[in-house]
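Here's a quick briefing to read with the model open beside you. Grab your viewer and follow along, topic by topic.

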Amino acid sequence: MSSPPPIPISSQQSSHNHQSSFTLPIPSLRPILTRLSGLSRHALSNSRPWTELIDRTAFSRPGSLSEAASRVRKNVAYFRVNYLIVLAVVLAYSLISHPFSLLTLVTLSGAWIFLYVLRPSDQPLVIFGRTFSDTQALLGLGLATLIAILVTSVLSLILTAVMVGVVIVCAHGAFRDPEDLFLDDQQPLASGFTSIFGGGASASASVMSRV
């Protein structure tokens, strides 16, 4: 007896297996974490001793409003990193005290990072088999962020925390006498912030160039 003819195997199955095994590369967080870690170390290295910040012998009541404003300006220039840490602590405490707002902010930040910032501009976004262009992804993320801000209290919580932090900084700066501080009056106030966060400007420009 002759053996039965071999059954032809369609190539669709192999191609289907090949397609099902294909996955989009997930962007690595190592570069952004390394950059943030470097910026944090650089910022903390420029902080002043906390003993100078809370030295009780250096506190006195300002004689006038102009003197208080001058003290705030000098203290902000000298304790800029310490003041930013205070603002960050106040903001973190406010978010931890409101878990739902914290979860909303973390979700939005993760969506922006994974779906837009870390995704190559030439790679389309595919969700549930549907392809979205770079502009559609940006509009979708912006709309989702706007809805989350309007529905939840994330924006009001952040603004309130920042206002409380600014009040604390201004109160400390007005009553902290800066006469014992070695402050270079020739250095502009903004230069301190740009020297710390100068790397963030280039990152923001790279994101905005995709719009």
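Start with F132: setting aside neighbours within four places in sequence, F132 is in contact with P124, L125 and I127. F132 sits in strand 2, which covers residues 130-132. With a relative accessibility of 22%, F132 counts as partly exposed, because buried would require under 20%. Keep in mind that this is a predicted model.

**Overall layout**

- The protein chain has 9 helices and 2 strands.
- Reading from the N terminus, the order of elements is α-α-α-α-α-α-β-β-α-α-α.
- The protein chain is 211 residues long, and 22% of those residues count as buried.
- Take the contacts between residues at least 6 apart in sequence: 85% of them join residues at least 24 apart.

**Helix 8**

- Does the length of helix 8 add up, and what span should its 22 residues have? At 1.5 Å a residue, they should span 32 Å, and the end C-alpha atoms are indeed 32 Å apart, so the two values agree.
- The buried residues of helix 8 are V154, L157, A161, G165, V169, H172, G173 and A174.
- Several elements help to cover those buried residues, including helix 3 (50-53), helix 4, helix 5 (80-96) and helix 6 (99-117).

**Helix 5 against helix 8**

- The axes of helix 5 and helix 8 come within 9 Å and cross at roughly 145°.
- Helix 5 passes helix 8 in a right-handed crossing.
- On the helix 5 side, the contact is made by Y83, V86, L87, V90, L91, S94 and L95.
- On the helix 8 side, the contact is made by L157, I158, A161, V162, V164, G165, V166, I168, V169, H172 and G173.

**Two residues of helix 6**

- S101 lies in helix 6, and with a relative accessible area of 4% S101 is buried.
- Not counting residues up to four places away in sequence, S101 touches S153, V154 and L157.
- T104 is found in helix 6 too. At 13% relative accessibility, T104 counts as buried, since the cut-off is under 20%.
- Leaving aside neighbours within four places in sequence, T104 is in contact with A148, T152 and V154.

**The largest nonpolar core**

- Which residues make up the largest nonpolar core? There are 10 in all: L53, A68, V72, V76, Y78, F79, Y83, V169, A174 and L181.
- Helix 4 (65-78) and helix 8 (154-175) are the elements that give two or more residues to this core.
- Helix 4 gives the most to this core, with 4 residues.
- For a close-up, look at core member V72: V72 touches C170, G173 and A174, not counting residues up to four places away in sequence.

**What the UniProt record says**

- The unreviewed UniProt entry lists residues 77-96, 102-118, 138-169 and 189-208 under "transmembrane region".
- In the model, residues 102-118 are 94% helix and 0% strand, and the end C-alpha atoms of this span lie 22 Å apart.
- Residues 138-169 come out at 94% helix and 0% strand, with end C-alpha atoms 36 Å apart.

Conventions:
Residues numbered from 1 in each chain as written. Predicted model: local features only at pLDDT ≥ 70, side-chain atom pairs only at ≥ 80, totals over all residues. Heavy atoms only, no water. Core = buried A, V, L, I, M, F, W, Y, C linked by side-chain atoms within 4.5 Å. Buried < 20%, exposed > 50% of the residue type's maximum accessible area, 1.4 Å probe, protein only. Contact = heavy atoms within 4.5 Å. Expected span 1.5 Å × (residues − 1). UniProt positions renumbered as here; feature names shortened; annotations may be inferred. Axes fitted to C-alpha atoms, helices over the stretch in contact; angles between N-to-C directions. Left-handed = near helix turned anticlockwise from the far one by under 90°.
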